[in-house]
Amino acid sequence: MGDYMLEMTHIEKHFGGVKALTDVTIQVEEGEIHGICGENGAGKSTLMNVLSGVYPFGTYSGDIHYLSEECKFSGIKDSEEKGIVIIHQELALIPQLSIGENIFLGNEVKKGIGIDWDMTHQMAESLLHKVGLNEDPRMLVQELSVGKQQLVEIAKALSKNVKLLILDEPTASLNDEDSNHLLDIILGLRANGMTAIIISHKLAEIERVADHITVIRDGATIETMSAEDGISEQRIIKSMVGRELTNRFPARTSNIGDISLEVKNWNVYHPQLDRKTASDINIKLRKGEVVGLSGLMGAGRSEFAMSVFGKLYGRDITGQLYLGGKEIKLNSVEAAIKHKIAYVTEDRKSCGLVLTNSIRMNTTLANMGRISNHGTIDADQEVNMAEAYSKLLNVKCNSIEDNADSLSGGNQQKVLLAKWMFTEPEVLILDEPTRGIDVGAKYEIYQFINKLVDEGLSILMISSEMPELLGMCDRIYVMSEGRMVAELDKEEATQEAIMTSIIESAGKEQSI
Amino acid sequence: MSNNTASAPTLQKKSGLAGFNLKKNTMLLALIALMIAFEILIVAQSSASFMNHDFFAPANISNLIGQNSYVLILAVGMLLCILTGGNIDLSVGSGVCMISALAGVFIVNLKLPLAIAVPICLLIGIGIGALQGYFIAYAHIPAFIVTLAGMLTFRGIGNIILDGKTISPFPANYSKIFNAFLPSTSTKIPTLTTTPKKIASMVDSGDISTSIQHLADKNNMTVEQLSNLKVADLRPLISAYNDSIATTLLMVTLAIGAVVSILFIIMTFLSRAKKQRKGYPVGALVPQVVKTVLVVAVIMFLSYLLGNNKGFPVILITLGIVIIGYWYFTSKSVPGRYLYALGGNAKSAKFSGINTDKMMFFAYTNMGFLVAVASLVCVARFNSAAPSAGTSYELDAIGACFIGGASAYGGVGTVGGTVIGAIFMGVLNNGMSILGIDANWQKAIKGIVLLIAVLADVSSQKKGSGGGLFSKILPKKDGNKGTLS
């Protein structure tokens, strides 16, 4: 005892009859970075909510000792006063306010009864400096990239004199470069004496920065590993899922057939700005093939895919589409769906599902014709179909009448996939199909992808996780700044090869 | 195997709750409670003041239907607008004023045949709806602003057409469409005021009412012979005549009620049989029978009350068509489903191949159509087109939707709920008027009720998300166990 800055012992938390946490014990030393790993639903977020007082003292059992006193927080305010600050996965910044206003929101720097703007901006600037962000504090948050917004969140936490910073999935929506930058900043803060808890699915990152890692499974602490004794990704996974995952990507024997979709000389302009987001792109997809589309964030991969999918993105689109050798024109999403093309969005919450609708309604939405007759919905058939597709994708729910927002990220992703499988596609474009979901659900989705290509579908998989592309794809296209810069076969594709082609293309661009 | 056992309770839950929405039923219970409360208050007040008031008096129920018919029609249209994403239409009250004025000009001033005037009014309604719909859906101007502009414009144009005056009366054949009662041939004769002398004066002026003529025919007398009777001899004839009319009215309304009930029963059990034939799961029989019995009881009670007044109001036919039509549209049709998707998440709807602009345009065009229908009903009921017609109807319609459980964010709400919401507002107005509550207090109370209804909605959603949190843990835990095994 006493050695630890934070000690949570035997934490138990119920929701009604459901146990969310059964027995969690976690000990955090002062000045360390402590990683927490666990699958979705293991209880990580619940634990952090207990710590920060979202679930007030009395609604859980167990002890929390922080800076050698017992804590009985009755709300977030209490924990923040003690210097415990959480940065949630979904950022809590207000896009229409400036960086400075956001940092001091609820904690404004006052001069008399008004706000001292000069002081606000000056203080904001020095905080931004600490997190390595060189932006004008008067700039609106909506103009920042997600990565930079994350840094503003940290600056905001620093403004509250944070002693213990908790980051919930800080890099979930960042690309590798931004993630690395963020992790460096956190390491820098540690060097200055800050203590941090990081919850993440990206095990490589945790492995890189954490001094200790606590693994939680099914609401209980499984073990705490120390960096001194050596931590490997494999070992974390083994501990998280209860057994060793021998292979993170299920094996598949490729059986590649004829060309299904071919895109030729594809050009797309940005909807507002006068620049191309895709220029002269040529790609081919074959039946039974998983084709990867790699690139840094902002390379224009999603924009390209959406522009193919019934001109969902962009303007002045030119180029040809061939489906099974025949030229087709897709002027609407409806037409794309009719031609058996499906696009599974990267943003399941805001573009994929209608969260307030049931699993059933979400499943059938993109192909209502299949369960209706002259515009009248056959309710019974709809139930049967939705049940069948939920089963096909192994969606875990109490009933298909559950609203989509009651599901975990992994299950939402499965519902989204079910929705697009319901359109019976022959060409499936998957945009970040495993973003923000746990290892187990990822594996299930990989298995499902393999099953689909076995049945002869063509899959175009966009992903920012290179190991995923390398593990799953038969061929990988690399995109950079709106152009296709490389096409790599499975044999020649490595992380280095991909990065090299991106960097070389950027160099070429500059020299011109 | 585990999948089978998991899906069994799912199906049972679905069929057990078929058509049963907790939220909707809460409002239904609140409505019944409100009606009973008014009944108690009104009876207590009237017995204290030696009056004969009664909330469930046949005349009052008949009145209630007439008073609220146009609000109900508007509320159903408003629901579609609200579903698209919490957008409201502020212009409907002014729209009613403008189209009423046009109806007055066409029907009363220009004496156009109804077969021409009525369709023109409906087309104009669709026109103004389409105009607003264009600005909202295709020019992407917020609905609030477009309809606020419409509210001012339509009221202004309506008053310009009327020139500040009221147009009335409308011809009798017009009010027959929306404001008559079935059976239409017979009305009662006032017992006290109808004297032989009065009949004699009718004979002299040659203006003999149809009911007096019927009375004479029935007793094998001429009207002149009637006028020669003594008062004491005439009275029993009139009461006998009135009794027979009352019997006819009651028989007709009960017959209509019985036909509707039988249709309802047949529909219910046909759909059940169809499900069974196709091998789909059906719910337990007992709750469905109980539900059917309750619905039939309400229909027959209403028929009985109406039969004890003037008969079956024809406006119920229009209301029935509107309610059933839009219930079908929202709950059974593909475009109806698209509306919910649009309101729930416009981007997802777009990504699913739904033409969201078109749906938005449709919702407002349809609102214009229903504004025209409501105007025609309104004109028939007041027998006039007045400059103040439709004042604050938009608020009643919006209120009805929200009280009926529609979400202010869109994507949630049902026609059934809206009907209950509209009746709730109507009962509130009617009951408070009978109790003689001051008009200003009535407004204040209505405002507070609306706030409480929305508050209940929001807090029940919070509870729902509490449950959501709850269920967030459940499936995930299962998910962990299942995913890798």
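**Exercise 1.** In this predicted model, find where Glu228(A) lies in chain A, and decide whether Glu228(A) is buried or exposed.

*Solution.* Begin with the chain: Glu228(A) sits in the loop that runs between strand S12 (220-226) and helix H8 (233-241) of chain A. Next, take its relative accessible area, which is 74%; since exposed means over 50%, Glu228(A) counts as exposed. Finally, look at the surroundings, where Asp3(A), Glu29(A), Glu228(A) and Asp229(A) gather in a patch of negative charge on the surface.

**Exercise 2.** Locate Leu67(A) and Glu169(A) in chain A, and work out which description, buried or partly exposed, belongs to each.

*Solution.* Leu67(A) is placed in the loop between strand S4 (60-66) and strand S5 (69-70), while Glu169(A) is found in the loop between strand S9 (164-168) and helix H6 (176-191). For the backbone, recall that most residues other than glycine have a negative phi. Leu67(A), however, has a positive phi near 50 degrees, and the phi of Glu169(A) is likewise positive, near 50 degrees. For the cover, buried means under 20% relative accessible area; Glu169(A), at 7%, is therefore buried, whereas Leu67(A), at 31%, is partly exposed.

**Exercise 3.** Determine how many residues of helix H17 (residues 393-403) of chain B are buried, and state which sign the phi of Gly405(B) has.

*Solution.* Counting along the helix, 10 of the 11 residues of H17(B) are buried, so that the helix is mostly covered; among them are Tyr393(B), Cys401(B) and Phe402(B). After the helix comes Gly405(B), whose phi is positive, near 100 degrees.

Notes
Residues numbered from 1 in each chain as written. Chains lettered and ligands numbered in written order. Predicted model: local features only at pLDDT ≥ 70, side-chain atom pairs only at ≥ 80, totals over all residues. Heavy atoms only, no water. Patch = residues over 30% accessible without salt bridge, like charges linked within 9 Å, V, L, I, M, F, W, Y side chains within 5 Å. Areas by Shrake-Rupley, 256 points an atom, 1.4 Å probe, with all protein chains shown as cover. Salt bridge = Lys/Arg side-chain N within 4 Å of Asp/Glu carboxyl O. Lys, Arg positive; Asp, Glu negative; His and termini not counted. Charge placed at Lys NZ, Arg CZ, Asp CG, Glu CD. Helix = DSSP H or I, 4+ residues; strand = E, 2+ residues; numbered from the N terminus. Buried < 20%, exposed > 50% of the residue type's maximum accessible area, 1.4 Å probe, protein only.
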